[in-house]
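Visitor: I am new to this structure and should be grateful for a close look at a single part of it.

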Amino acid sequence: MRNTKAFKEAVADTLAELAHRGVTVRPGTVADTIERNIRAVAERLGIQERSAWRYFDQAGLAASIAQQRKAAEDSSTPGQVGRAPMPPVDNPELALILGGVPDALEESGGDLYSVIVNVAVNAWMAGHIHGEDGCTGCQDKRPTGTDWQARMDSITAMQPDVTKWLNREVWTAALNDTGYGVTRT
């Protein structure tokens with residue numbers, strides 16, 4: 001389906017409609033959405049996918065995406081839309097997470113997806129734990145409290161070198177030492 005002229009035009013037209021509305025969305029996301037919609041229409045109507053294109057409305061899809069984006073922005077704190085809770089840059093837990101990336105890449109045999117998911121989940125958890133005292137969904141939910149300071153004390157006792165792992169050159173050198181690297185093609 002993705003190699004057809006109709007599909008490529010649908011993606012381009014939908015992206016143009018979104019741009020007209022002032023909404024920026026990754027082309028791959030739009031392509032995935034269009035593919036899911038066309039397949040769903042074909043399945044529900046019991047027709048072939050190529051026949052389902054007559055029901056496709058790029059302006060309607062763009063309006064729907066823009067409306068979803070607006071609803072997300074309206075229901076979130078300004079400036080925080082789409083941002084995961086992150087610990088402060090000087091948080092020792094963040095240094096441990098970043099410092100573990102080269103080793104995780106080597107252990108996974110270069111599976112960058114696995115490493116990125118691991119980093120994202122751990123950074124989110126670190127940020128969530130850091131901000132739990134102010135998290136309305138977490139306040140008073142743990143019978144023992146958050147004990148964030150005890151967590152930071154135990155991590156600090158491991159003596160992570162925060163400045164080392166937040167230095168791009170040091171991190172890149174450690175990554176290259178594993179035999180892997182990230183290059184743009």
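Visitor: What is the relative accessible area of Glu49?

Guide: Glu49 has a relative accessible area of 31% and is partly exposed. With a 1.4 Å probe and protein chains only, a residue is called buried under 20% relative accessible area, exposed over 50%, and partly exposed in between. The model is predicted, so local features need pLDDT of at least 70 and side-chain atom pairs count only at pLDDT 80 or more, while totals for chains, interfaces and linings use all residues. Residues are numbered from 1 along each chain as its sequence is written, and side-chain values use heavy atoms, with hydrogens and water left out.

Glu49 takes part in a salt bridge with Arg39, in which the closest N and O atoms are 2.9 Å apart. The term salt bridge denotes a side-chain nitrogen of Lys or Arg within 4 Å of a carboxyl oxygen of Asp or Glu. Because Glu49 lies in helix H3 (residues 49–52) and Arg39 in helix H2, the pair ties together parts that are 10 residues apart in sequence. Helices (H or I, at least four residues) and strands (E, at least two) are DSSP runs, numbered from the N terminus. The partner, Arg39, also counts as partly exposed, at 39% relative accessibility.

This pair belongs to a wider arrangement: Arg2, Asp32, Glu35, Arg39 and Glu49 are linked in a network of salt bridges. Within the network, Arg2 forms a salt bridge with Asp32, and here the closest N and O atoms are 2.3 Å apart. Since Arg2 lies in the segment before helix H1 (5–20) and Asp32 in helix H2 (residues 27–45), this contact ties together parts that are 30 residues apart in sequence. Both ends are partly exposed: Asp32 has a relative accessibility of 31%, and Arg2 one of 32%.

Arg2 forms a further salt bridge, with Glu35, where the closest N and O atoms lie 2.9 Å apart. This contact links distant parts of the chain, for Arg2 is in the segment before H1 and Glu35 is in helix H2, 33 residues away. Glu35, in contrast to Arg2, is buried, with a relative accessible area of 16%, whereas Arg2 is partly exposed.

To place these contacts in context, a search of the whole structure finds 6 salt bridges; among them is the pair of Glu49 and Arg39 with which this account began.
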